Amino acid sequence: MKRVLNFIDGQFRPPGSGRYIPDVEPATGQVIAEIADSEPEDVDAAVAAASRAFASWRKTPAEERSRLLLRVGGLIEENFDELARLESDDNGKPVSLARRMDIPRAILNFRFFATAILHAETSAHATDDRALNYTLRQPLGVAGLISPWNLPLYLLSWKIAPAIAAGNCCVAKPSELTPLTADRLAGLIAEAGIPPGVVNIVHGTGASAGRALTSHPNVPLISFTGGTKTGADVMTHAGPLFKKVSLELGGKNPNVVFADADLEQAVATSIPSSFSNQGEICLCGSRLFVERPIYDEFLDRFLAGTKKLAIGDPREASTEVGALVSEAHRRKVEGYVALAKEEGGEILLGGKRPADLPERVRGGYFLEPTVIAGLDGGTRCMQEEIFGPVVTVTPFDSPEEAIALANSTRYGLSASVWTRDLQKAHRVAAAIDSGTVWVNTWLLRDLRVPFGGMKESGVGREGGFDSLAFFTEAKNVCVKL
Ligand code: TXE
């Protein structure tokens, strides 16, 4: 049985408690590994190693930090097949998705920030002939990085790369549900020659290892991606210690299709934006709003395309919908499908566990892609993040109504707007309360742009120079002339 140990000070180490948590393969329900069930002592050791390494890492020239990060990116690429398979086995996602999205993006994250630090500029301000001001951007020390189970390596690398590129050291706490690619990354980081202690990875539960990190006095910064409720707990522990915190939380993202949209494009993209990664992407468009004149036509095409999605063994290249990450999560999502019926919704498609699954995955946590109509905007199913292969579909009659519907939840992460009328697109995009608005596309990502959510979808922005700004402190130096 594979044992996932902590990676502290360049060494793989067992948890002080000697206790381990089972790691279950979502597609089969079988235990495939056991991971360190770390406690505060393990986090203390990791923070101490990071603090020791910081003294020299902060002085390492940007050129050298860049070379090392590029080496990590190269090693991820050299181990592409193994990492894609590990990610798929651990999360339940189709291996084709891990190969198309997760692993390429992890490579890109390291490469992007490796080069960004070579081009980052800081400002200077001359105060008439009296003074010269210049801004220093300096690393903070030990960054606490907490990542979720839906895009494990993609989101872990999105935090580690800018944190260490900016000169910090880090202690990362991946989700206990999907530790395997983080474990493999630790080995690649050592192989790349990143000095011991710069990157430390501690495995375990949120309540134990996670909280130990968010409340650690020598961790001045926390970057967290996960659920909104947990985000509040992170703030509760980080607040009294005045930590710098970035939260990327849940979403309930509107996908607004106007009658003048390119219908074929809107349907072709709305199927993956609804069900990719089993709907377990915070950016998925889980609330479809379709202008009434094309509502029936859109729905016919959307349902026909969704019906064709291949649900099956995530290891098969042809599989498009894999297993949900855990039995508990599938129960949570099924609970919402049942609730939808109570709230007056009509299940147009799916809602059940698929029957004829291949032998190997009969015990997996699968759920059919599900489309629900007829729900009122105020229902729980239209308000709460379900985070599964479940979307609602609702007609609207005007741009003003679409905007009001889009903005009618406590979330504000992302949105998609489909229309050929670009004046309307600009107007609607400006009016929707979310951190990202895609027009006639979805999940098209330029890593230089600010990324994050409003309202209960998060605090702060990462991405591009926003990440480098988050992972540094700005200092004004004012020199009298
Ligand atoms: O997130 P959690 P989970 C949403 C989605 C999902 C819900 C819960 O709705 O159903 O969050 O998912 C660690 N202090 N998203 O359980 O619990 C935990 O160990 C410190 C959206 O994955 O928030 C894991 O490493 N850390 C999200 C990480 O936090 C704590 C993607 C996330 O776990 C902790 C995933 C605590 N008190 C889920 N409790 C997105 N925005 O992409 C847990 N953790």
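These legends describe close-up views of the ligand site in a predicted model.

**View 1. The ligand and its pocket.** The ligand occupies the largest pocket. Its shell is made up of 25 residues. Closest to the ligand are Trp149, Lys173, Leu249, Lys332 and Glu385.

**View 2. The ligand between two domains.** Domain 1 spans 2–249 + 457–480, and domain 2 spans 253–446. Both domains give residues to the shell, so the ligand lies between them.

**View 3. Helices and a strand around the ligand.** Four elements each supply at least two shell residues: helix 7 (206–214), strand 11 (221–225), helix 8 (228–238) and helix 11 (327–342). Helix 7 gives the most, with three residues.

**View 4. Polar contacts of the ligand.** Thr230 places a polar side-chain atom 3.0 Å from an oxygen atom of the ligand. At Lys332, a side-chain N or O atom lies 2.7 Å from a ligand oxygen atom. Leu249 takes part through its backbone: one of its polar backbone atoms is 2.5 Å from a nitrogen atom of the ligand. The protein buries 87% of the 810 Å² that the ligand exposes when taken alone.

**View 5. Residue types in the shell.** What mix of residues surrounds the ligand? Ten are polar, eight are nonpolar and seven are charged. Lys332 and Leu249, both among the closest residues, also appear in the contacts of View 4: Lys332 with a ligand oxygen atom, Leu249 with a ligand nitrogen atom.

Methods
Residues numbered from 1 in each chain as written. Predicted model: local features only at pLDDT ≥ 70, side-chain atom pairs only at ≥ 80, totals over all residues. Heavy atoms only, no water. Near = heavy atom within 4 Å. Polar contact = N/O pair within 3.5 Å; in protein donor to acceptor, adjacent residues only side chain to side chain. Areas by Shrake-Rupley, 256 points an atom, 1.4 Å probe, with all protein chains shown as cover. 1 Å grid on protein atoms, 1.4 Å probe; cavity = no way out; pocket = protein on both sides within 12 Å on 5 of 7 lines; lining within 4 Å. Sits in = over half its atoms within 2 Å of the grid points. Nonpolar A, V, L, I, M, F, W, Y, C, P; charged D, E, K, R; others polar. Domains from an automatic or database assignment.
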